[in-house]
Amino acid sequence: MTDLEIAMDHLKKHGYTCVLVKGDVIYTSTERGIRPLMQWLEQEADCHGFSAADKVVGKATAFLYARMGVCHIYAGIMSTGAAEVLDRFGISYSFEKRVDAILNRTKDGFCPMESAVRQVDDPELAFEILSEKYSQMNLKKSAR
């Protein structure tokens with residue numbers, strides 16, 4: 001099996017939200033949204049050349065995968081903006097369902113992370129915006 005097939009298998013059979021695979025190294029998460037990617041970036045995990053399987057890939061997630069150096073991505077759901085980012089960075093991808101944009105968890109608006117980078121084309125600016133939003137999100141979560 002290829003790294004991508006292993007990642008997809010783990011995603012579908014083990015209840016993960018995100019799986020990265022390169023050879024014998026496998027990173028998994030059950031966290032939602034950009035959280036697992038931000039955690040791996042904070043930990044400076046070397047994900048260059050990894051294949052990823054993710055339940056949902058929006059434009060924000062695509063920017064983070066590009067920053068991480070992931071080379072192949074499978075998504076259960078992928079936004080049009082994500083596909084455009086992945087095309088731009090030469091990252092191969094496949095998906096089960098393509099949507100115009102990723103919705104928030106209550107399905108009454110756009111995902112806040114997707115909205116934050118909707119008009120952004122620069123990956124560094126996207127990362128700065130997402131880092132700030134992620135920090136705010138963590139502060140709110142810890143205040144509960």
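This passage walks through the first helix, the strands it packs on, and the nonpolar cores of a predicted model.

Start at the N-terminal end, with helix α1, which covers residues 3–14. At 1.5 Å a residue, its 12 residues should span 16 Å, and the end C-alpha atoms do sit 16 Å apart, so expectation and model agree. Four residues of α1 are buried, namely L4, A7, M8 and L11. Looking down the helix axis, the buried residues of α1 fall within an arc of 95°, so they line one face of the helix. What do they pack against? The buried residues of α1 meet three strands: β1 (18–22), β3 (51–57) and β4 (72–79). Just after the helix comes G15, with a positive phi near 75°.

Next up is β1. Four of its five residues are buried, so the strand is largely enclosed by the rest of the structure. β1 has pairing partners in both β2 and β3. With β2 (residues 25–29), β1 pairs in the antiparallel sense over five bridges, and here L20 stands opposite Y27. Two residues lie between the strands of this hairpin, where G23 takes a positive phi near 60°. With β3, β1 again runs antiparallel, this time joined by four bridges; the β3 partner of L20 is A52.

β3 carries the story onward. Five of its seven residues are buried, so β3, too, is largely enclosed by the rest of the structure. β3 pairs with β4 in the parallel sense, over six bridges. A52, already met as the bridge partner of L20, stands opposite I73 in β4. Together with helix α3, the two strands β3 and β4 make a right-handed β-α-β unit.

Now for the interior. In soluble globular proteins, nonpolar side chains tend to be buried together. The largest nonpolar core here holds 35 residues, and the members that touch the most others are L20, I34, V57, Y65, M68, I73 and M78. At least two residues of this core come from each of β1, α2 (35–42), β3, α3 (59–68), β4, α4 (80–88) and α6 (123–143). The largest share, six residues, is supplied by α3. Apart from this core lies another, of eight residues, including L4, L11, V21 and A53. Of these, L4 and L11 are among the buried residues of α1.

Two methionines give a closer look at the contacts. M68, one of the residues touching the most other members of the largest core, is in contact with L20, L37, W40, L41, C47 and H48, leaving aside neighbours within four places in sequence. M38 lies in helix α2. Is M38 buried or exposed? With a relative accessible area of 3%, M38 falls under the 20% cut-off, so it counts as buried. Not counting residues up to four places away in sequence, M38 touches L64, F127, L130, S131 and Y134. As for R105, it is 67 residues from M38 in sequence, with the two C-alpha atoms 19 Å apart in space.

Conventions. Residues are numbered from 1 along each chain as its sequence is written. This is a predicted model: local features need pLDDT of at least 70, side-chain atom pairs count only at pLDDT 80 or more; totals for chains, interfaces and linings use all residues. Side-chain values use heavy atoms; hydrogens and water are left out. The expected span of a helix is 1.5 Å times one less than its number of residues. Buried means under 20% relative accessible area, exposed over 50%, partly exposed in between (1.4 Å probe, protein chains only). The arc is that of the directions from the helix axis to the C-beta atoms. Contact means heavy atoms within 4.5 Å. Two strands pair if DSSP finds at least two bridges between them. A nonpolar core is a set of buried Ala, Val, Leu, Ile, Met, Phe, Trp, Tyr and Cys residues joined through side-chain atoms within 4.5 Å. A crossover is right-handed if, with the strands pointing away from the viewer, the path from the first strand over the helix to the second runs clockwise.
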